Amino acid sequence: MSESRIKITPAKGRPMLNWVGKKPLEYVKGFPAQLIEVFNPLNNSKKIETPTYEELKDNWQNLLFYGDNKEVLATLLELGFRGKIDLIYIDPPFKSGADYVRKVELRGIKELGSLENDEASVLQQTMYFDIWNNDNYLQFMYERLQLMKELLSETGSIYVHLDWHVGHYVKIIMDEIFGQENFRNEIVWCYTGPSNQQKDFPDKHDVIYRYSKSDNYCFNSEDIRIPYVKLDTGKTHGIFKERAFLNEKGKIPEDWWSDITPVARLHATELLDFITQKPEALLERIIKASSNEGDIVLDCFCGSGTTLAVAQKLGRRWIGCDINKGAIQLTSSRLQKIIKDQIKKNETKYPTFALYKVNNYDLKLLHTEAIELAVQHIGIQRTRTDTFFDGTLGKNLVKIIDFNHPLTLLDLQLLQDELKKRPDEDRDITIVCLGKELAVDAWIDEWNKKHPVNKIRVIELRTDKKYGNFLIHKPAEAKVEIKRKNNKVFIEIKDFISPTIIERLNIDNQLWKVKIADFRAMINYILIDKDYDGKVFNVFYSDVPQKKTDLIKGKYELEVNKDKTKIAVKIVDMLGEEVLITKDV
Ligand SMILES: C[S@@+](CC[C@H](N)C(=O)[O-])C[C@H]1O[C@@H](n2cnc3c(N)ncnc32)[C@H](O)[C@@H]1O
C-alpha cells in the first residue's frame, strides 16, 4: 500500500468553537502499515501484511497499532474501515498539566528478598506528557474526532472520556462534528476518596460524552440493567409506586455512575501500574450497552488496553492504538493472558491479534523517555506553565526539539515567532536537539549578530563534549541456550543484563549481582517464535507471569515438525527494551 490522500467529510457545523489555528481536515495521508508481531496461539491464522477490511471481514484478527493515532486512523480509512466501526471509546490525555509516570517494579522482588522494602527496586518511567497549550490540544482533538466520525458505522456510537479540564470544550467540538442532534448522554462517573483540595469542593468525577452517528443507534438496555436501590426498610425504592414500571431485571443505569470504583481503590487484581488505567466494569457497561457480539470496537488511545481487554472478554472484535511503546507492550501482554485463559476454557472466538506500526514509527526509542533522560542529564529545570519552552538552564530558557527530527530552519522560525510575542523576554536561549540541519548554523550566527539579547546556543546531543555521551545506549544483553533433539527444542535463558535498569536503580555496577540475586527480576516477559521468517515475529509461545511477584520460567521445551527451522526468542525487560535471539536448528 502506498501513501495516498483520503478525503474527509466536512464537520456538521454548529455550534462551533474557535481557537487560534483552527483548521478542518480536508484530506489526510494514509501510510503503509507494517506488520511487526502476531499472537496466534492456535497457530491457525495466516500472516496478514496489509490488514484491509476486505481481507479481514471473514477471517478476523484483532489489530493493535503502534503509532500516532492521526496516522493510524487515516491508515484505517485507507484500509477500507470507513463506516465499519461499531463502537469507539477514547480516554485521551485530559490536558491535566502532568507528566504521567509509571512505577516499574522489578519482578518477584518480594520473594527474592534482597531488595525487599527497598525503594531502589522501583524504577520510574515517563509514559507520556500531558502538557499542552489550549489551541494545540483543541486542534489535536478536532482532527482525530473528524477521522473517528468517518470510521464510525451508521448505527455506531462514540464515547469520549474527559474531565473538567477540557470536557466542556470538547463537547462543543463534538456538537460541531457529530451534530447536536446526535448527542445522546453526558455520563458522569463519580467516585470518592481523599483529596488535597481544602478551599474548593474536591473534584471527584469524570465526564463521558456519548454521541451516535445517526438516530438508528445500538442500545442494549436489557444487557446493562442494575438492581434497584433498597431502602433501609428493605423495601425497593421507586418514586414509582406502580409495580408495572418495575422491571424484574432491575433498572437501566441513570447517566451518573457511582457504582463503579476506580481501579486504584478496589480492583487490585486488575491493577497494572498504569496511572490512568480505567476499571473494566466501566468499559463493560459501555461495550454491552452500545455493541453486540462480533461488532468492531476501537480505542485509539488504548493505554493499558482496558477497552480491548473487555471487548475480548465479551466476544467483540477490536482495534487498538497507542503512541507509547510501554502501553503497547502492556496491552499486548494483557491480551495474551486473557486469550490464553479463554482458550483453556474453550471460550474464545477471536484468538489472534497482530501488531502493526505505521509510518515507520521507531520502536526502539521511547521518545518521552529520551527527553526525560536529557532533562535529567543536562540538569534542566522543567517549567510546567510555559507552553513553548521546556524549562530553564541557569539563566537561559530551554527549548527541546523532538528527538525524532533534527533541528531545522522551521523550528528556528517557530522560536522567532514565539519571541516576537514576548518583547520583554531578555533571557538567552538554549536549544537541545539530537542533530541539526546544515543551514541551521549560519542562521544562528546571523541571529546572534543582530540580537544583543535572546542569543541562541545549541546543545547537539550527538556531538556535544559535555553532554554528548549519555545517549550512547548500552543495549540489554542475554545469554540464551537453544538446543534441538529430534523434534524437540530446548530453550534456556541463562543470563540477562540491562545496563539501563542497573543504572536507573543507581546500583553500583559491581554489586548488582548481589542486589538482584536472580536476573529474571529484570525480565517482564518472554515470547518465542518457532518458525521465524526474519521479519514478522509470530508469537507461538509466551511466558507472561500472571502476578508481579512471579518470575518468568526461563526454561522451555517446544515441539518442532520441520527439518530445519529458525527459533527466535524475544526478551522484553521491565523498561520495555527488547532483545531478540535467533538460532537455526
Ligand atoms: C489516559 S491514557 C488511556 C488509558 C486507558 N483508558 C486505560 O484504561 O489504560 C491515554 C493514552 O493515550 C496515548 N496517546 C496520547 N497521544 C496519543 C496519540 N497521538 N496517538 C495514540 N495514542 C496517544 C498515551 O500514550 C496514553 O497511553
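User: Between which β strand and α helix does the loop with asparagine 43 lie?

Analyst: This is a predicted model, where local features need pLDDT of at least 70, side-chain atom pairs count only at pLDDT 80 or more, and totals for chains, interfaces and linings use all residues. Residues are numbered from 1 along each chain as its sequence is written. Helices (H or I, at least four residues) and strands (E, at least two) are DSSP runs, numbered from the N terminus. Asparagine 43 lies in the loop between β3 (33–39) and α1 (53–56).

User: Is asparagine 43 buried or exposed?

Analyst: Count the other C-beta atoms, placed from the backbone, within 10 Å of a residue's own: 20 or more means buried, 12 or fewer exposed, and in between partly exposed. Asparagine 43 has 11. Therefore asparagine 43 is exposed.

User: What is the phi of asparagine 346?

Analyst: Asparagine 346 lies in the loop between α8 (325–344) and β14 (353–358). Asparagine 346 is exposed, with 6 other C-beta atoms within 10 Å. Its phi is positive, in a residue other than glycine, and is near 60°.

User: Why is helix α2 described as largely enclosed?

Analyst: Helix α2 covers residues 69–78. Its buried residues include Asn69, Glu71, Leu73 and Glu78. Helix α2 is largely enclosed by the rest of the structure because the buried residues number nine of the 10.

User: Which helix gives the largest share of the largest nonpolar core?

Analyst: A nonpolar core is a set of buried Ala, Val, Leu, Ile, Met, Phe, Trp, Tyr and Cys residues joined through C-beta atoms within 7 Å. The largest one has 110 residues, and Leu73, Val160 and Ile526 are among those with the most contacts inside it. Eight of its residues, the largest share, come from residues 134–151, helix α4.

User: Between which domains does this core lie?

Analyst: Domain bounds come from an automatic or database domain assignment. Both domains in question give residues to the core, so the core lies between domain 1 (4–97 + 132–218 + 253–358) and domain 3 (473–584).

User: Which residues does valine 160 touch?

Analyst: Two residues are in contact if their C-beta atoms, placed from the backbone, lie within 7 Å. Residues up to four places away in sequence are not counted. That leaves Ile90, Val170, Met174, Ile208 and Tyr209.

User: Which strands stand at the edges of the 11-strand sheet?

Analyst: Two strands pair if DSSP finds at least two bridges between them. The sheet is open, with mixed pairing, in the order β11-β9-β10-β8-β5-β12-β13-β4-β14-β3-β23. Each edge strand has a single partner, so one side is left without a neighbour in the sheet: these are β11 (256–257) and β23 (537–539).

User: Which residue in β10 is the bridge partner of phenylalanine 183?

Analyst: Strands β9 (residues 183–190) and β10 (residues 205–212) run antiparallel, joined by seven bridges. In β10, the partner of phenylalanine 183 is tyrosine 211.

User: Which glycine lies in the turn of the β26 and β27 hairpin?

Analyst: Strands β26 (residues 566–573) and β27 (residues 578–584) run antiparallel, with seven bridges. Isoleucine 571 stands opposite valine 579. Four residues separate the two strands, and the residue in the turn with a positive phi of about 90° is glycine 576.

User: How many charged residues does the shell around the ligand have?

Analyst: A residue is near the ligand if its C-beta atom, placed from the backbone, lies within 6 Å of it. Of the 20 residues around the ligand, those that come nearest include Thr276 and Phe301. Ala, Val, Leu, Ile, Met, Phe, Trp, Tyr, Cys and Pro count as nonpolar, Asp, Glu, Lys and Arg as charged, and the others, Gly among them, as polar. Nonpolar residues number nine, polar seven, and charged four.
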